[in-house]
Amino acid sequence: MPLSAALPSHEAYYDPAGSGKCFFVRNKRNSFIAVSGADYRRMLKGAGLSHETGDDEALSEVDSMINTIQTDNDVDYAGPLAGHPCGSYDVEGKRVLVTVGAKHIDPMPGSWLCLEQLFRGLLIPLDDVESVGESQLWTFYSWLKVALVSFRANKRRPGQVMVIAGPPACGKSLVQNLITKMFGNRSAKPYQFLSGATQFNSDLFHAEHLMIEDETASFDLRVRRALGANLKGLVVNDSQRCHPKGREGLTLFPIWRVSITLNDEAESLMVLPPLDESLQDKLMLFRAYKREMPMPTETLEEWGAFSDQLIADLPGFIYYLLHTWQIPTDMTDSRYGVTHFHHPDLLAMMNVLSPETKLLELIDVRLFPPGVIDPDFWEGRAAQLETELTGPNSSVSYEARKLLIFNSACGQYLGRLLHLHPHRISKRISEGYVYWKIQPPAPTPAAV
């Protein structure tokens, strides 16, 4: 269930699980700050409440107010919550105090020429003959528009994970930081949690923009699959489990967008999760290009002037997205607002790096070694193929064991190869079992 309407406004709350500063009071910026019991007591006295006990009173006015706040205004969570303004909310029977909201940029009509030049240079190659780059740029604008509308309405709408892959120093991280400013100027680093390196994730709930950039990421297939499963959960699920360190977890309803920037080399792309059918529509794959920046950036002064101009362009760009830009009809999607985009070059590289492609390579080495004239096809069940590849007499045993890390892996990868290479992989069902037929690879010209 989504967050309900805000509860009646109070000026102070108490977090019973907090340590030290466990009272929350409004400041003059209309946010909540944490104060200690002694500080709150002093504030109450400053507001005119007496700290002395009368002859016929068990508690002073100050102590009585503290008791009231502790029993009536206790909260289960206190802190920022991505996508939600400051205030008190009922979340599945628990009181949640959002202590501070995002700082949104006010949209204003105006020029955003420098930003436009940056985006076009990053996403459109000079030889954009087939207009792939133009489609990429339009999808990028549309993804931003859907996210901005969601954040400013404080209503969650699913949004794909955006991946930008390009050469070093092309501006992809710069664009990622500009996105942070557009989404409310709050970001967090989710990779450790998403890859399974830690179970604690409360810091992620403090930011609208979850950023992965140039991480020391793992190539291990198990880690990549864990990353993919967790990314799908961020995209699809309304509710998320918040696990603070040293405290009981609770369910919250953050509004997030996730972006990933990395180099467009094969090794860098290996940190991304395998692009299986369940993940395909949940990822944007944008390819970035290295071009000259719209302004000089060689000196610190020039870089500062360039950065200032980009920030100055943001109100005009946000206004354009919210009030002028229309998502092209052929790009709309009923669930995500805009359909996913996969740059063909990146998609081809990821297919080459996929586990099913690796499996086919191992099959060819083991079952159809070079030098064998007119090799016969192989047929059998997935479990038999796995035994053949991982057995003690297999030359690919080590690599196969690393690849086939869960029980049904071999069968799943064969199913994907059936769609990718139907001329080589086929199957039949007999007595309730699936039998796979694998044809040898076509001979190379040198072998003919």
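Buried here means under 20% relative accessible area, and exposed means over 50%. Keep those cut-offs in mind while touring this predicted model.

**Stop 1: the whole chain**

Start with everything displayed. The secondary structure comes to 15 helices and 18 strands. Along the principal axes, the C-alpha atoms fill a box of roughly 105 × 55 × 40 Å. Of the 448 residues in the chain, 45% are buried.

**Stop 2: strand β5 and its hairpin**

Select residues 87-91, which form strand β5. How many of its five residues are buried? Four are, so by the under 20% cut-off the strand is mostly covered.

Now add residues 94-98, strand β6. β5 and β6 pair in the antiparallel sense, over five bridges. To check the register, pick Gly87; its bridge partner in β6 is Val98.

The two strands form a hairpin, with two residues between them. Zoom in on Glu92, in the loop between β5 and β6. Its phi is positive, about 50°, although Glu92 is not a glycine. Most residues other than glycine have a negative phi. Is Glu92 buried or partly exposed? Its relative accessible area is 43%, so Glu92 counts as partly exposed.

**Stop 3: a second hairpin**

Jump to β17 (425-430) and β18 (433-438). Antiparallel pairing joins β17 and β18 over six bridges. Select Arg428 and look across: Tyr435 in β18 stands opposite.

β17 and β18 also form a hairpin with two residues between them. The turn holds Glu431, with a positive phi of about 55°. Glu431 is not a glycine either. Color by accessibility here: Glu431 is exposed because its relative accessible area is 76%.

Keep β18 selected and add strand β16, residues 378-380. These two strands pair in the antiparallel sense over three bridges. Which residue of β18 is the bridge partner of Gly380? It is Trp436. β18 thus appears in two pairings, with β16 and with β17.

**Stop 4: salt bridges**

Show charged side chains. A search of the whole structure finds 17 salt bridges. Three are worth a stop.

Begin with Arg120 and Glu134, whose side chains meet in a salt bridge at 3.4 Å, N to O. The pair links distant parts of the chain, 14 residues apart: Arg120 is in helix α3 (residues 113-123) and Glu134 is in helix α4 (residues 132-153). Arg120 counts as partly exposed because its relative accessibility is 32%.

Next, select Asp345 and Arg287. Their side chains meet in a salt bridge of 2.9 Å, N to O. This pair joins a helix to a strand: Asp345 is in helix α11 (residues 344-352), and Arg287 is in strand β13 (residues 283-287). The two are 58 residues apart. Arg287 is buried, with a relative accessible area of 19%. Asp345, at 36%, counts as partly exposed.

Then go to Arg416 and Glu356. The closest N and O atoms of this salt bridge are 3.2 Å apart. Arg416 sits in helix α15 (residues 409-420) and Glu356 in helix α12 (residues 355-367), 60 residues apart. Are these residues buried or exposed? Arg416 is at 17% relative accessibility, so it counts as buried. Glu356 is at 8%, so it counts as buried too.

Before leaving, return to Arg287 and Asp345 and add Asp264. Salt bridges that share partners join Asp264, Arg287 and Asp345 into one network.

**Stop 5: a charged patch on the surface**

Switch to a surface view. Select Asp55, Asp56, Glu57 and Glu61; together they form a negative surface patch. Where is Asp55 found? It is in the loop between α1 (37-46) and α2 (61-72). Asp55 is exposed because its relative accessible area is 87%.

**Last look**

Put three residues side by side. Asp55 is exposed at 87%, Glu92 is partly exposed at 43%, and Glu356 is buried at 8%.

Technical notes:
Residues are numbered from 1 along each chain as its sequence is written. This is a predicted model: local features need pLDDT of at least 70, side-chain atom pairs count only at pLDDT 80 or more; totals for chains, interfaces and linings use all residues. Side-chain values use heavy atoms; hydrogens and water are left out. Patches are made of residues with over 30% relative accessible area and no salt bridge: like charges are joined within 9 Å, nonpolar side chains (Val, Leu, Ile, Met, Phe, Trp, Tyr) within 5 Å. Accessible areas come from the Shrake-Rupley method with a 1.4 Å probe; for residues, only the protein chains shown count as cover. A salt bridge is a side-chain nitrogen of Lys or Arg within 4 Å of a carboxyl oxygen of Asp or Glu. Lys and Arg count as positive and Asp and Glu as negative; His and the chain ends are not counted. The place of a charge is taken as NZ of Lys, CZ of Arg, CG of Asp or CD of Glu. Buried means under 20% relative accessible area, exposed over 50%, partly exposed in between (1.4 Å probe, protein chains only). Two strands pair if DSSP finds at least two bridges between them.
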